[in-house]
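The following note is meant for a colleague who is opening this structure for the first time. Its points are best read with the coordinates on screen.

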Amino acid sequence: MEKYDLKALQSDLSRELVNGLSEESVEMVRELMCRYKSCPKDWEGKETWSDKKYTRTLLDKGNGHYNLMILCWNTSQESPIHNHPNSHCFMKTLKGEVFEELYKNPEMASCDSCSDCKMEKIEDRVYKLNDVAHITDADGLHRVGNKSHVDGAVTLHLYSPPFSSCRKYDDVTGRSTEVPMGFDQDFSEQCCARSCCVK
């Protein structure tokens, strides 16, 4: 049987999402992400590491319908609590282990002022090698990170539709701030040059 590598996953995603993500295709995307088994050679040379923050490397722009990217989490790095504005987020662990903290959205709570809306955790989750997660704002907000003090972690993310900014939330007050979402590396043009994207 031919190996299902990252290039094959990208090709199948571009076909499945040629018209964007629908509610019917959510499970198919999850299945494709599960089908791919992490192989470091697939993303060799696309990792970038920082001692200051986790990094984001864009692999595929998905014809404007989605972004596929690799995130590298150095030891003890984590994201702020954040949302995914009108988007589906799929995450697969490629290396190491990552945690997820799921929170209620304080902006949907019945409180008198934002300063009274404390962050309320819903659940703690752990994702090991090749585990796949899925979240939307209907599920809540989340924080993702690497608790290891020894080993880095790598995750594969798909966001559909893509977004250029999100809101991060203060742990104590629940107040939110809009922040831009950029990339530390961009390999999306190379993807299209290899014809792994639908034209």
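1. Before anything else, please keep in mind that this is a predicted model. A convenient place to begin is Lys104, which is partly exposed, with a relative accessible area of 45%. The side chain of Lys104 meets that of Glu120 in a salt bridge, at 3.5 Å from N to O, and Glu120 is itself partly exposed, at a relative accessible area of 42%. Although both residues belong to the loop between strand 5 and strand 6, they stand 16 residues apart, and the pair links distant parts of the chain.

2. A second salt bridge brings together the side chains of Glu101 and Lys121, with 3.7 Å from N to O. Here Glu101 comes from strand 5 (residues 98-103) and Lys121 from strand 6 (residues 121-127), so that the two partners are separated by 20 residues. Their surroundings deserve attention, since Glu101 counts as buried at 10% relative accessibility, whereas Lys121 is partly exposed at 38%.

3. The side chains of Arg143 and Asp171 form another salt bridge, at 2.6 Å from N to O. Because Arg143 lies in strand 8 (residues 141-145) and Asp171 in the loop between strand 10 (165-169) and strand 11 (176-180), this pair ties together parts that are 28 residues apart in sequence. Arg143 counts as buried, at 7% relative accessibility, while Asp171 counts as partly exposed, at 42%. Through shared partners, salt bridges join Glu78, Glu101, Lys121, Asp124, Arg143 and Asp171 into one network; the structure as a whole holds 14 salt bridges.

4. Turning to the interior, the largest nonpolar core has 23 residues, of which Leu9, Leu13, Tyr36, Ile70, Leu156 and Leu158 touch the most other members. Helix 1 (6-16), helix 2 (26-35), strand 2 (67-73), strand 4 (88-95) and strand 9 (153-160) each supply at least two residues of this core, and helix 2 gives the largest share, with 4 residues. Leaving aside residues up to four places away in sequence, Leu9 touches Tyr4, Leu32, Met33, Tyr36 and Leu156. There is also a second, separate core of 17 residues, which includes Trp73, Ala153, Cys166 and Met181.

5. How do helix 1 and helix 2 lie with respect to each other, roughly parallel or roughly antiparallel? Their axes come within 10 Å and cross at roughly 175°, and because angles over 145 degrees count as roughly antiparallel, the two helices are described in that way. On the side of helix 1 the contact involves Leu9, Asp12, Leu13 and Glu16, which meet Met28, Val29, Leu32, Met33 and Arg35 of helix 2. The residues of this contact divide into 6 nonpolar, no polar and 3 charged.

6. Finally, some details of the backbone merit a look, given that most residues other than glycine have a negative phi, and most peptide bonds are trans. The bond joining Ser160 and Pro161 is a cis peptide bond, with omega about -5°, and Pro161 is found in the loop between strand 9 and strand 10. Asn63, in the loop between strand 1 (55-60) and strand 2, has a positive phi near 55° and counts as partly exposed at 44% relative accessibility. For Asn86, phi is likewise positive and near 55°; this residue lies in the loop between strand 3 (81-82) and strand 4 and is exposed, with a relative accessible area of 73%.

Methods: Residues numbered from 1 in each chain as written. Predicted model: local features only at pLDDT ≥ 70, side-chain atom pairs only at ≥ 80, totals over all residues. Heavy atoms only, no water. Core = buried A, V, L, I, M, F, W, Y, C linked by side-chain atoms within 4.5 Å. Buried < 20%, exposed > 50% of the residue type's maximum accessible area, 1.4 Å probe, protein only. Contact = heavy atoms within 4.5 Å. Salt bridge = Lys/Arg side-chain N within 4 Å of Asp/Glu carboxyl O. Axes fitted to C-alpha atoms, helices over the stretch in contact; angles between N-to-C directions. Parallel < 35°, antiparallel > 145°, perpendicular 65-115°, else oblique. Nonpolar A, V, L, I, M, F, W, Y, C, P; charged D, E, K, R; others polar.
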